[in-house]
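The following note sets out some points on packing and strand order, for reading beside the structure.

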Amino acid sequence: MTTRLADIAAQAGVSEATVSRVLNGKPGVAATTRQSVLAALDVLGYERPVRLRQRSEGLVGLITPELENPIFPALAQVIGQALTRQGYTPVLATQTPGGSTEDELTEMLVDRGVAGIIYVSGLHADTTADMQRYERLRAQGVPFVLVDGFSPKVQAPFISPDDRAAMALAVTHLASLGHTRIGLALGPKRFVPVQRKIEGFVRAVQEQLALSAGTVETELVQHSLYTLEGGQAAASALMDRDCTAVVCASDMMALGAIRAARQRGLDVPKDISVVGFDDSPLIAFTDPPLTTVRKPVPAMGQAAVRTLLEEIGGTPAPHSEFVFMPELVVRGSTASAPGDRSRP
């Protein structure tokens, strides 16, 4: 027991006496300190005493796309932790190809009496989807928040990164390195984040490199899938058009772009520069470490929870979009433009 107290105290950064007071449910401990001790218990794998277990305020559904892209588990973790701190139990419902649809997952969660639902990159981001499904959900009295994507047809709060600003950051960085042929690899055009990235990219290239919007869209934008293979295919097409730098709409696509370059015998970043988007976990440890635009995941996840709990509490946010500023993280996959890159 003494060893356990010492371990927990060291992890939480408090005294053993404080740990003892928390474990025995005694008063006189600040709420933040108590939370630190409980977090230390969880991190070290100790079971919480029964009297310290929180009574659930209810279930909250979190519907995400597949979890192969590491940015979705990262966002789910932030949202899950924030819900747990507020006494709610998160229920993760993941869409998989050939598996349950968003509508089926929604129905399952509503049947289980969830207090609310957070959607991440759902059908609300698809401009071709029927938005009436969300109005029907609202009519059922289920609060919800939508992350990544926006529709003027849905009366709900939205949480988004500034996709246009993200592209401006990437293009400005590459232009400052002397690149004049910068390509953009991204997903299908029907998605709102894709359309916004194109808008930001076209505007930035026009401003930085004085190219016409028509030239940028026809020659420098390549649609594909949000996968490693999709990035590889899109980057290959852009390299065929003499691009010396490629901005990718996800880190997974950027890894595919690096693979495409290497298959042609090109060096990243000496021959071609690659920029990702998300700053997914472990992406700093790729070869080379990936320059990327960091999606503000902690701020977005916490805002989604805060906004949903306001909805649950009866003080709903207006029909509005909360937009969070991304950040350029420069690492080893970008460098000065090659003076004379010989074609493979």
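**Notes on helix packing and the sheet**

1. The crossing of helices α4 and α12 is right-handed. The contact involves I71, A74, L75, V78, I79, A82 and L83 on the α4 side, and V297, P298, G301, Q302 and V305 on the α12 side. The structure is a predicted model, and every point in this note should be read accordingly.

2. Helix α4 spans residues 71–85 and helix α12 spans residues 297–312. The two pack at an angle of about 45°, and their axes are 8 Å apart. Angles from 35 to 65 degrees fall outside the roughly parallel and roughly perpendicular classes, and α4 and α12 are therefore oblique to each other.

3. A second helix pair is formed by α5 and α6, which pack at an angle of about 5° with their axes 12 Å apart. An angle under 35 degrees counts as roughly parallel, so α5 is roughly parallel to α6. On α5, the residues E102, D103, T106 and V110 meet R133, Y134 and L137 of α6.

4. Within α6 (residues 132–139), R133, Y134 and L137 are buried. Viewed down the axis of α6, the buried residues fall within an arc of 100°, so they line one face of the helix. These buried residues pack against α5 (102–111), and also against the strands β3 (116–120) and β4 (144–147). After α6 comes G141, which has a positive phi, near 85°.

5. The model contains an open sheet of 6 strands with mixed pairing, in the order β7-β6-β8-β9-β10-β12. Strands β7 (221–223) and β12 (327–329) stand at the edges; each has a single partner strand, so one side of each is left without a neighbour in the sheet. From one strand to the next, the twist averages 20°.

6. At the β7 edge, strand β6 (residues 182–186) and β7 run parallel and are joined by 3 bridges. L184 has V221 in β7 as its bridge partner. Helix α8 (residues 192–209) packs on the sheet and touches β6, β7 and β9. The direction of α8 makes about 180° with that of β6.

7. Another helix, α7 (residues 163–176), also lies on strands of this sheet. Helix α7 lies across β6, β8 (245–248), β9 (273–278), β10 (291–294) and β12, and runs at about 160° to β9. Strands β6 and β9 are thus contacted by α7 and are touched by α8 as well.

Definitions and conventions:
Residues are numbered from 1 along each chain as its sequence is written. This is a predicted model: local features need pLDDT of at least 70, side-chain atom pairs count only at pLDDT 80 or more; totals for chains, interfaces and linings use all residues. Side-chain values use heavy atoms; hydrogens and water are left out. Buried means under 20% relative accessible area, exposed over 50%, partly exposed in between (1.4 Å probe, protein chains only). Helices (H or I, at least four residues) and strands (E, at least two) are DSSP runs, numbered from the N terminus. The arc is that of the directions from the helix axis to the C-beta atoms. Contact means heavy atoms within 4.5 Å. Two strands pair if DSSP finds at least two bridges between them. Axes are lines fitted to C-alpha atoms, for helices over the stretch in contact, and angles run from 0 to 180 degrees between N-to-C directions. Angles under 35 degrees count as roughly parallel, over 145 as roughly antiparallel, 65 to 115 as roughly perpendicular and the rest as oblique. A crossing is left-handed if the near helix is turned anticlockwise from the far one by less than a right angle, and right-handed if clockwise.
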